[in-house]
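The following report describes side-chain contacts and strand arrangements in a structural model. It begins with aromatic pairs and then turns to charged side chains, sheets and a surface patch.

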Amino acid sequence: CNDFLTENPTGQLTTGSSVSSPEIARAFVDGSYSQITTFNNGGGGWGGNNASLVEFMTGKADGNSQTEAFKFFNLEYDARAFYVDGWWSGMYSGIARANLAIQKIGEISTLPAATKTNMIAEARAMRALYYFQLVRMFGDVPKITTLITSLDDVQTPRSPVKEIYDEIIIPDLLEAEKSTLPWRDTAGRMSMGAIKALLAHVYLTYAGFPVSAGVPAYTESAKRSKEIIDNGTYSLFAEYTDMIVPANRNQTEFIFQVQHEKDIRNNGLTPVTLPAFTGIASYSDEYGGLLPRKEFVESFEKGDKRAKEKQFFYTYYKGHPSDYPAGDPRRDSLNLGGYYIYKWFDKQAIDNDAKANINYTIYRYAEILLMYAEASNRVEGKPNAQAQKALNDVRKRAQLPAVTTTNVDEFEKAVWAERYFELCYEGKMWFDMIRTRKVRNDLTKQWDNFVGHKTVYGKTFAEKNLLLPIPQRETDNNKSLEQNVGF
Amino acid sequence: PKDKTIKGKITDSENGSALPGVNVIVKGTSQGTSSNSDGNYEINVNDNSAVLVFSFVGYEKVEVPVGDRTTVDVTLKVDSKSMDEVVVIGYGTVRKSDLTGSVGAIKGEKLLDRQATNVAQSLQGRIPGVDVAVNSSAPGYQPRVRIRGVGSINSSLEPLYVIDGIVGVSNPNLLNPNDIESLEVLKDASATAIYGARGANGVIIITTKRGKSGTTQISYDVWGSYITPASRLGTLSADEFMQVYNTAYDNAAKFDEQGFKDGKYVRNLPANFPNLFDANGKPKYNTDWEKEIYKPTWAQNHELAVRGGGEKSAYSISVGYTDQGGLMRNSNLTRYSAKLTLDNDATKWLKVGGSIFINKALIKEVDGGSGGLNVPRMVFEAVPILPIKYPDGSWGRNKDWPGMEGGENPVRIADQRTQTNPRTEILGSLYSNIKFTPDLSLRTNYSYELRFDKNNFYSGRDLNALSADQKGSASISANNEFYWQFENYFNYNKTIGDHNISALLGLSWQKRSWENFGVTAQNFIDDFWGWHNINVGNTLVKPNSSDQEWSLNSYFGRLNYSFKDRYLLTFTGRYDGASKFGVNNKYAFFPSAAIAWNVTNEEFLKSNATLTNLKIRASYGKTGNQEIGQYASQQFLGTSDVLLGGSRQTFVWRSSFGNPDLRWEYTNQLDIGADIGLFNNRIDLTFDYYKKVTKDLLLNAPIPWSTGLGSVTQNIGSVQNTGIEIGVNSRNISTEKFTWSTNVAFSANKNKILKLGRNGDDIFPGPNFLGNTNILRIGHAIGTLWGYRRLGTWGTAEADEAAKYNRLPGDLKWEDINKDGKIDGKDETIIGRSYPKWNLNVSNTFQLGKFDLSFDIRIVMGVNTVNATKHSVEDRQAIASSSRSVLNAWTPENQNTHIAQIRHYNAGYDTHMDDWWVEDGSFIRGQNIVLGYSLPTKFGKVNFQRLRIYASAQNFFLIDNYSGYDPEALTGFGGQLNANMEFFQYPRPRTYNLGLNIVF
């Protein structure tokens, strides 16, 4: 009676199923993109979002109390805190999907060699992206590059950060760089532009803390950003608000983005960044889940266009007609009592249908310019003309005067500051603090050492804050893991 | 010889009271009748040589030759071995005195004391060790039944239901309680091992009524109920709401100084809202949403049955109708049922028969969407200064008072958001019984269950926070299910001298398969179509479908041996193979053994007048649990979709880790018990002690996320349940005029986790309401609650201490358990238990002449209920209305309180599962009280066997300390390990009924 008891699942493949079509190869590769949603989705509490974690850590952002923002800016977070789980599990889930893709595509013999190379390039670049996020958040992490199938093999110990860079992130990207992927991919998949951007960023980070590889890494970084600049595929938008126009998704300045489409998966960060319960939007929930600190916004250089109303921030908006009766003056203009982030303000969604149709950006051209400025300055010991132009192109859009210094340190600090202003709340500031171990003080406008820096919340960063705790659940279930110091 | 009519009265020999319902048969024929409620009978016999046989459960059988008499009065003696009632066990029956296992039995008529619409409700409190808790008082919800504690973590905890031999019926509550002949609960391993792999949670065997040869019985049972809320919690009045609202804005200055200065807190001024306030600034409306939503309602139930039979065949037909309203506006249940049974003696050696049961139900539910701004939540969060509708006909909504979270008024939700759940269930069975010799027979049955469930849902276009963002949302899902079993078993029964042997040997195949699909559409141009024409929705959400099946192949046997009716032995075994398990572990064997000693049958006790029955029993055995999902051993590559290029792209990913070594979860159970009868069995006592250890627990055990997956079903873990059960059945007073009997069922269970996961670490099984709420920890019970300890609020004198925690006087004060100067995950601790320490049910029945009165008191002690509702109605203000408890919030004058100072939501609000939410969930409930009167049985020419009217009330009182509606609660959290946790529960009704039973 063995047949009677044999399971024949009809709705799902198993790891043993043999598959061979080019379409299914594509489906394996697309699986490696699926966890990119972790970047601006999920998170604990009402109004929580994974993207908020690294902003809360900087001490330059706030949230509502259910997001538990206070745990982070008060530096009271622990291994059970919100978001830590989401990032860890999200990235490793992405890695597992990339690993599966790499293995399965290798097995499908019907694919033309070039297609196969490009598909594997996509999966490896995605794997590198996930690992890059992990090492910067958690430090040493388990190194997993194959499909784990036996329960005896699940408890992988941590490998040093440098080993993850040297044996996974960098080789994956270098291999991907050899592919023939196009410079731009408007579908949201990996492109040569995205791979070079990742390499530029990975090497820039590798040059700094904790690996501190220095000039050789700066050199590799500058080489990639220069290639992107010289290639000419990408350019800056004329207006900041061009970035919140749905038609501009994956275009012009945007290099790599998390994809959103209003009727399929709209951008959840839009309602998260709305002021809580003010009734300005068609959204049922206005979360107030991620908002800027006033001190940061007011530390922008005088005249910076980005700090002006409805560029990167806003302080008033009209009350929504469904919330305010006709005749109530708030229907025309409502003082929001502070600054709110305008970077995910999809006007159409907010006024009408509550379905944000704009993407979340992982890399855009402005950052490439700034990475080139920073890396080449270090390689050459002073900013070259192209580096100066790169920085000043970003400043020009902000209607700020050009930076003229040729002093290596002064130029570097100018670039760092520019990164804060240009890329604020885009998941960059915290990682810049970690790799440079410097923090721009919003009150003194000076650069403090990371350790010892006192935030506007009156809390002081310590050595332990350089790394996030590994989720408690993970250390519980993997006895070979050692928790980061201090947690 | 000519026909003549015999009349007579049947009475109890002990107290002379009339005995209704006694079977009277003319010996050797199929002619028969039964006595009416006065104990009178009438029967025709052919001649004077006829012999009448009088039999009645619990009484000795009497045969009386008629002779030339026309009146034959009979007194029946209580059978001193009244234990000799027959008890149904798996694949057979046994005399109660021969029973070696622990089996609780209840007769159908007893179930009818209460106006229950389902089986589980009528079982509540009846049998020690059977814990029935009502999940929700919404019509159509299935109660939760647990036998002897909680023995599993990831597998189902529901007992196995066997209805007329159909094993594993998925919805026993489809039965109308009127249709039940008897109900048996198999508790120990000796009784349950015959169901092997499916017996570990206990087995409930239901036998439905069938026709009896030689009689015809027509019965009609009807009752109607008035259902009214048992309690009201009250909501804030318009004036109180305004007071809280204004205080919240005033206090924002204290808790968010900067934001206040920046102008973040601009309150609404009544003068700007002439539609809500009069010229003096007084609210125009004062809506009590609780009263608008929870209203008294009605229920009715009818059952009409004809049961009878000729010499060689018997039949029964019954039809039923139930219409039960819910307290919540627009919620209700309607059910139609029909049942047909047929039993035939085809030849001397062959008996064939079958049954078919059809049930059609429609459940209308409006309280769905727990956690969101659903109806029960908006009852407390809708703002009282709003009307249901404005004079112009438009609906009031929280958004009309800017700054509110934006839920809709609950009346509107109840009208515009509906879920209907039509169900059709068909249970059928065909059997044959072949008698090879008087001792040996073979029974074969083919049975099936068909289920068609559909779920239709629509939520309107304008329902803010529910479906306004989608411009209306409709979904339809359907499930088709088919189960069949094919079983063959031999029965052998032989008495040789003092030895009696009965044996059973059989084999069985079972398979359950189902197919389902679902589709959702959004963006409707009008609410007109609802879910009825889903095509109108302009946005199609990806549809889904799936099909699954599982199968079991089993071999089973049982051997009973008794010597001189004193020493009894039972061996049971079942060898089960299941598709659900890994290729390496498909089959397993589940044996059990039991011994019993009928001490009263020994010479030295034979004539003892006090101790009239004493049986000591012991059993030990192994049963299994296979109730995990299908395909858990498989390594699946699932599909899902990712958004690329502006559209959905299917992708493939590793969706399950798979475990080819997956095997049965099994329970070893020891049971020691005694059945004691005192004073001619006027007092019956049953006592059981059990110890159940469940091993190889099927645990959805977490694995490191670094594998890319979260968990895998593994056989790791062990849990122990120990307990005692006491049942007392006492006829306190028994005279011709008056009887009083008492029935007590007591049980106590202690649950302990012995082993957990690979490393023995704590597991937090969810439901994760703002963090962990429950913990699984070695040494502690399943259902242990987890969170902070709330000490109260910070006082003005503690301002400095509070500042260390970034808190101000008036903020919540939680215990810093590890004293590290901050409140975080390390300060979470065990704060309660969600399964009771013991429960007790006492029922008393009185009979005075034609009146009968009975009442049941149910007591549940040593349990907590989590009132998570406090999270939103007590912990936050100014974005919704609050519960009345905020009127006791912290103020400088009222510092001794557990409720934080009122402030605007945005000014900082603390909320976390803590021991303030965890309340005492113990209660004493007046479960049921019924007063009946049996009318004279003759009206003109119509002779009734029974004609009784009665009035009853259920949940007629409740004594508890719980701040919500009812401590027996569960909402929305689904999981089976987090009993007793509620977030805006559906209130419990008090029910008054009037009913009539007619049998003729």
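A search of this predicted model as a whole finds 80 aromatic pairs over all chains. One of them joins B:Y631 and B:F636, whose ring centres are 6.1 Å apart and whose planes stand at 90°, so the pair counts as edge-to-face. Both B:Y631 and B:F636 are buried. In chain A, ring pairs link A:F56, A:F72, A:Y77, A:F82, A:Y83 and A:F487 into a cluster.

Aromatic rings also meet charged groups. The charged end of A:K343 is placed over the ring of A:F312, at 4.1 Å from the ring centre, and in chain B the residue B:R443 lies over the face of B:Y431, 4.2 Å from the centre of that ring.

Salt bridges number 104 over all chains. Three of them are set out below, each with its N to O distance.

| Salt bridge | N to O distance |
|---|---|
| A:R397 and A:E253 | 2.7 Å |
| B:R267 and B:D250 | 2.7 Å |
| B:E919 and B:K870 | 2.9 Å |

The side chains of A:R397 and A:E253 meet in a salt bridge. This pair links distant parts of the chain, with A:R397 in helix α13 (residues 385–397) of chain A and A:E253 in the loop between α8 (215–231) and β5 (254–258) of chain A, 144 residues apart. Both A:R397 and A:E253 are buried.

In chain B, the salt bridge between B:R267 and B:D250 connects the loop between α5 (257–261) and α6 (289–293), where B:R267 is found, to helix α4 (residues 238–255), which holds B:D250, the two residues being 17 apart. B:R267 counts as partly exposed because its relative accessibility is 24%, and B:D250 falls into that class with 43%.

The salt bridge of B:E919 with B:K870 runs between strand β46 and helix α10 (residues 870–873) of chain B, so the pair ties together parts that are 49 residues apart in sequence. Both B:E919 and B:K870 are buried. Beyond single pairs, salt bridges that share partners join eleven residues of chain A into one network: A:E253, A:E301, A:D304, A:R306, A:K343, A:R364, A:R395, A:R397, A:E418, A:E422 and A:E426. Two members of this network, A:K343 and A:R397, have already appeared, A:K343 over the ring of A:F312 and A:R397 as the partner of A:E253.

The strand that carries B:E919 belongs to an open sheet of three strands in chain B, which has the order β46-β45-β51 and mixed pairing. Its edges are formed by β46 (918–920) and β51 (981–982), each of which has a single partner strand, so one side of each is left without a neighbour in the sheet. Strand β45 (residues 864–867) pairs with β46(B) in the antiparallel sense over three bridges, and B:T865 stands opposite B:E919.

Another open sheet of three strands in chain B follows the order β38-β39-β42, with antiparallel pairing. Here β38 (774–775) and β42 (829–833) stand at the edges with a single partner strand each, so one side of each lacks a neighbour in the sheet. Two bridges join β38(B) to strand β39 (residues 784–787), and B:N774 has B:L785 in β39(B) as its bridge partner.

At the surface of chain B, the residues B:I317, B:L340, B:I356 and B:I358 make a nonpolar patch of about 310 Å². Among them, B:I358 is placed in strand β21 (residues 350–365) and counts as partly exposed because its relative accessibility is 38%.

Key
Residues are numbered from 1 along each chain as its sequence is written. Chains are lettered from A and ligands numbered from 1 in the order in which they are written. This is a predicted model: local features need pLDDT of at least 70, side-chain atom pairs count only at pLDDT 80 or more; totals for chains, interfaces and linings use all residues. Side-chain values use heavy atoms; hydrogens and water are left out. Patches are made of residues with over 30% relative accessible area and no salt bridge: like charges are joined within 9 Å, nonpolar side chains (Val, Leu, Ile, Met, Phe, Trp, Tyr) within 5 Å. Accessible areas come from the Shrake-Rupley method with a 1.4 Å probe; for residues, only the protein chains shown count as cover. A salt bridge is a side-chain nitrogen of Lys or Arg within 4 Å of a carboxyl oxygen of Asp or Glu. Helices (H or I, at least four residues) and strands (E, at least two) are DSSP runs, numbered from the N terminus. Buried means under 20% relative accessible area, exposed over 50%, partly exposed in between (1.4 Å probe, protein chains only). Rings of Phe, Tyr and Trp (its six-membered ring) pair if their centres lie within 6.5 Å; planes under 30 degrees apart count as stacked, over 60 as edge-to-face and the rest as tilted. A charge sits over a ring if NZ of Lys or CZ of Arg is within 6 Å of the ring centre and within 35 degrees of the ring normal. Two strands pair if DSSP finds at least two bridges between them.
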